[in-house]
Amino acid sequence: MKITNIEAYPVWGGGRNYLFVVVDTDEGISGVGEAGLTGRELGVMGVIEHFKPLLIGQDANRIEHIWQMLFRGGFFPAGKIACSAISAIDIALWDIQGKARGVPVYQLLGGLVRDKVVCYPHNSGRTIEELVESCLRTKEEGWKFVRWGLPQRDGGILEPTESVLLAIKQFEAVRKAVGDEIEICFDVHTRLDPPDATYFCKAVEQYRPFFIEDPIRSEGMYSLRWLREHTSVPIAVGEQFASKWEFRQVIEEELTDYARIDLCIVGGISEARKIAGWCETHYIKLATHNPLGPVSTAACLHLNLACNNFGVMEQPRRPGTALTDVVPVQVEWQDGYLLPPSRPGLGIAFDREAAKKHPFQMRELPHLRRLDGSVTNW
Amino acid sequence: MKITRIETFLVHPDHRNLVFVKVHTDEGLYGIGEAYSCGPDRATEAAIHDFEEWLIGRDPLDIEGLWQLMYIGSRLPGGSVVNAAISGIDHALWDIKGKALGVPVWQLLGGKVRDRVRVYQNPGGRTPEEIGERALALRERYGYTAFKINPHPPGSESMPWNRVVREAAARLEGIRKAVGEDIDIGVDPHAKIFEPVRALEMAEALKPYRPFFFEEPLRPENIDALAEFKKQCPIPVATGEMLYTKYEFRDLLVRGAADIIQPDVCLTGGLSEMKKIAAMAEAHYVTVAPHNPMGPVATAVNVHFAIATHNFLILEYIPDDLPPRRDLVKEPLVVKDGYIEVPTRPGLGIELNEEAFGKYPYRSWHRGFPWRPDGAIGFI
């Protein structure tokens, strides 16, 4: 089964772009993948153009071989942009493999270890009352988790102290409103430095968060050790990591409790399953990062269905409620869980013509500043 | 598809028992596997039948879930017998899945990363000359590009250490002279050395002949001692045949205690576990040279692993083309020019020759007792 073409489909989803990649073969089987480096889609597409001549004519069955070739072939180890391109291609190859064998991808990853995959949505609110309302609506809909992020001021301003103090009040209000049986995930989104992050984590311990995500920036994970010595809240990091090597420190030094693997950045299903097995030896669970589209959702779902050390999966909204023309067949959601697809491959459908109807629009991720005008992480 | 029963076969073709496993399903498909011959081989067989009770009625395609069921269900992390039993069953489940989907098992592990699998054999031999002669004859027959030798001469338990080291160097020199400079030669003290400093002395003596690796220089119980040893060892350190599951390999890798790891697919937890172990090793730039002293099914499982695993290095091998081992399977994998070709049949692509098993019934077996002159037991 030879690869005949590979094509990137950047799709404007209203507010952001999604980058899908389709791989075609001479046996008429095609697969779809998704790349995850939101805001740098053109860079990823450029890498895919470099990969195209390397891939055409290759045997689509040789997934691991192709991964090695793409990661190592350019001499310089693939960074985040190239890893995102590799991710999309790898996911598409697993989709093809499942279709070629007539089974869902989870069967190729060892088979089902669970019947369904619990996931958390995104909550928000301009005021504490709005946030509480959003969380209660989520609970009503049947989700088992709520999740929101570190608040900021209007006008793109982030001042750590006031954000932390407000977030602590949010925590108190949400826990009181949703009760004890709902899990709370909170995303600092790399916006704090270790002292503020530590103060915050200690203050919200009493509200029993499921995890605090990305309490500090991701470039120097050594700093997490200091934070962990001071707080008992579970930590989740990893969504910005490309390849197993970027995960090494947090896994082996046991700096995190949850691995936020982004399948569309880390190097696809092939790389994610390697990291997942490694995490198992350190009693670290997966909390797959998935702020992306329906292809990423399906890829995460298949991995989580076959992975014993799974914690929770991100699922910003119910599948089937967005991009329904581009991905007309999506995975199913019921009572806060995603269900195993029974269709071969990823179990979704991708409509290339529909994709072309929503062309790429230049859009930068939001930027935040401190009051003195200096840059701070979004 | 549902598992209906699990058969086991204890077969004694030459010097030890082999434990074969056959998992049957309600669709007529079956898979085969091989469990490590731990010595308490009837215990391994019994453990497999205990697991049989847990697995009957379950879907054999849920391999990872069934692995966790056996491992977690045993509660106490298993030792040799339980992990050997899990391993043999795991192989059979992958065989079933490959047959069910009509592809060789390596295709289910990410596909082909290489076109053939490099193997090596231990030629045996009592003296340096004999090792060299046997290696040359084997090279002639199988085209090997690598060998492995035992540095300890026969009767080493009774020898002064000074002589053991001298003879170890002479044995490596013997085969090196016979096969030339361009053949890789591993050296395997087989965890017989107790003191790290003695292993270091032997490593220094072997170094001039450029061994490919120094296998199990120390006992497996203390990884910290091995990590300390490796910092000083002038030749590559290989180990792992006595380690169970990814958890024990985690400790080895985190401490940087080995250059090459040697998990045994029949002991460490099967193919499912081998893939996880290899992935961890890849992150450490550590290669995998599987331990493979068992039968033809073990060789087949290892070959599928090797074809789909990029950081595979080389596979230990015992030829299956001559009786009595030739009798054990319908069509064993064969070596050409020192390599095994890629199997193409669905599943593991190998069939037990059950009709012949009656000729090789179970016999009580253990490794023997290497007594030292003072009456204490040595390592074997």
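Lys and Arg are counted here as positive, and Asp and Glu as negative. On that basis, chain A carries 41 positive and 49 negative charges, and the mean positions of the two sets are 1 Å apart. The model examined here is predicted, and the description below moves from the overall form of chain A to individual residues in chains A and B.

Chain A contains 13 helices and 15 strands. The chain is as compact as a globular protein of its length, because its radius of gyration of 20 Å is close to the 21 Å that the globule rule gives for 378 residues. Measured out along the principal axes, a phrase used here for the computed extent, the C-alpha trace of chain A spans about 60 × 45 × 45 Å. Of the 378 residues in this chain, 60% count as buried. Contacts across the sequence fit into the same picture: among those in chain A with a separation of 6 or more, 70% join residues 24 or more positions apart. The exposed surface of chain A comes to about 14,400 Å², with carbon and sulfur atoms supplying 50% of it.

Turning to single residues, A:Ser163 is found in helix H6, which covers residues 160–178 of chain A. With a relative accessible area of 4%, A:Ser163 falls under the 20% cut-off and is therefore buried. Once neighbours within four places in sequence are set aside, the contacts of A:Ser163 are with A:Leu150, A:Pro151, A:Gln152 and A:Leu158.

The backbone also offers some points of interest. In chain A, Leu323 has a phi near 55 degrees, a positive value in a residue other than glycine. A:Leu323 sits in the loop that runs between strand E11 (313–314) and strand E12 (333–334). This loop residue is buried, since the relative accessible area of A:Leu323 is 14%, a value under the 20% limit.

A positive phi is also found in chain B, where B:Glu216 adopts a value of about 40 degrees although it is not a glycine. B:Glu216 belongs to the loop between strand E7 (214–215) and helix H8 (223–232) of chain B. Its relative accessible area is 1%, so B:Glu216 is likewise buried.

Chain B holds a further backbone feature, a cis peptide bond leading from B:Pro323 to B:Pro324, with omega near 5 degrees. B:Pro324 is placed in the loop between strand E11 (315–316) and strand E12 (335–336) of chain B.

Note on methods: Residues numbered from 1 in each chain as written. Chains lettered and ligands numbered in written order. Predicted model: local features only at pLDDT ≥ 70, side-chain atom pairs only at ≥ 80, totals over all residues. Heavy atoms only, no water. Helix = DSSP H or I, 4+ residues; strand = E, 2+ residues; numbered from the N terminus. Rg over C-alpha atoms; globule rule 2.2 N^0.38 Å. Buried < 20%, exposed > 50% of the residue type's maximum accessible area, 1.4 Å probe, protein only. Contact = heavy atoms within 4.5 Å. Areas by Shrake-Rupley, 256 points an atom, 1.4 Å probe, with all protein chains shown as cover. Charge placed at Lys NZ, Arg CZ, Asp CG, Glu CD.
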